[in-house]
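Hi,

Here is the structure I promised to pass on to you. Please have a look at it first, and then read my notes underneath.

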Amino acid sequence: MSRTLLTSVNNVLNLVGERSITSSTTGILGSLTKQCITQAISEVCQAAKWECLRERATSSTWTTCTATLSTSVYQILGVYWYTSPTGTAEAAFDYPTISLDYVTPQEFDSFYLYPYSDTSNRPSVWTKDDYHKVKVNPYPTSAGERAKVIFDVFVFPSLPASDSTNWSTPDFFTDLLELKAAANLSMSHIQDSTMFQSLMMRYTNLFRDISRNNNQIGDTGYTMYRNNRTRNRGINYGRR
């Protein structure tokens with residue numbers, strides 16, 4: 001994880017036969033390359049469920065039963081309730097968890113909503129509401145109880161803030177980003193279809209090798225972009 005943004009920019013440029021640059025902030029080539037890297041982040045992230053991008057998160061923004069997650073979240077694996085008595089996210093991770101059941105938005109809307117503020121209740125079901133929004137029921141109204149609701153998510157890695165800033169991703173993932181970015185640059189800037197095909201083949205082979213080494217997890221979860229893989233658990237709080 002010691003690779004800087006400028007190193008990645010130059011790696012991408014070298015892959016397409018361009019010379020290295022001393023700064024990515026001056027000149028059109030540095031800007032184009034960073035655009036291709038940003039595009040590659042989205043493409044590589046959504047090509048698989050990478051364990052290195054998985055996080056446990058809480059939400060500090062609630063509106064009744066709806067929790068708003070960070071805009072960097074692109075997929076959610078599940079929602080959990082931690083049995084921590086202290087009501088803090090840090091302490092909650094040290095206690096047993098209870099998995100909430102996923103229901104479709106239509107099912108969720110048919111349930112009565114039950115607010116609670118103490119340890120006498122807990123959430124049982126969840127669903128997606130809107131982009132980066134998740135609903136739970138029963139829903140907590142106190143800060144302490146809200147901190148016990150934990151979201152198992154995948155998060156887009158950020159582009160390093162400056163040329164000298166290191167990536168937060170493992171080297172194998174950054175290697176994938178650079179190859180995909182180089183393939184993108186070969187089409188958008190150089191417009192060389194033969195080079196594009198060659199780079200995409202290298203990217204595909206590396207992707208396959210990394211997958212074999214168990215750096216990604218199984219095909220589960222719920223994308224924040226569209227409804228998929230919904231499951232009916234038959235939870236019933238009483239129909240309206």
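Below is what I found, starting with confidence and moving on to a helix pair and a sheet.

Please keep in mind that this is a predicted model. The protein chain has an average pLDDT of 86, and 83% of the residues score at least 70. The stretch to watch is residues 226–240, where the pLDDT is below 50. In the model, this stretch still has 43 contacts beyond near neighbours in sequence. Where pLDDT is low, the predicted coordinates should not be read in detail.

Now to the helices. Helix 2 (residues 28–47) packs with helix 6 (residues 171–188) at an angle of about 120 degrees, and their axes are 8 Å apart. Angles between 115 and 145 degrees count as oblique, so helix 2 and helix 6 are oblique to each other. The crossing of helix 2 past helix 6 is right-handed. On the helix 2 side, the residues that meet helix 6 include Leu-32, Cys-36, Ile-37 and Val-44; on the helix 6 side, Phe-173, Leu-176, Leu-177 and Lys-180 are among them. Sorted by class, this contact has twelve nonpolar, four polar and two charged residues.

Then there is the sheet. It is open and has five strands in the order 2-3-9-8-6, with mixed pairing. Strand 2 (61–63) and strand 6 (101–102) are its edge strands, each pairing on one side only. Strand 2 runs antiparallel to strand 3 (residues 66–68), and three bridges join the two. Within this pair, Thr-63 stands opposite Thr-66 of strand 3.

Happy to talk it over whenever suits you.

Best wishes

Note on methods
Residues numbered from 1 in each chain as written. Predicted model: local features only at pLDDT ≥ 70, side-chain atom pairs only at ≥ 80, totals over all residues. Heavy atoms only, no water. Axes fitted to C-alpha atoms, helices over the stretch in contact; angles between N-to-C directions. Helix = DSSP H or I, 4+ residues; strand = E, 2+ residues; numbered from the N terminus. Parallel < 35°, antiparallel > 145°, perpendicular 65-115°, else oblique. Left-handed = near helix turned anticlockwise from the far one by under 90°. Contact = heavy atoms within 4.5 Å. Nonpolar A, V, L, I, M, F, W, Y, C, P; charged D, E, K, R; others polar. Pairing = 2+ DSSP bridges. pLDDT = per-residue confidence, 0-100.
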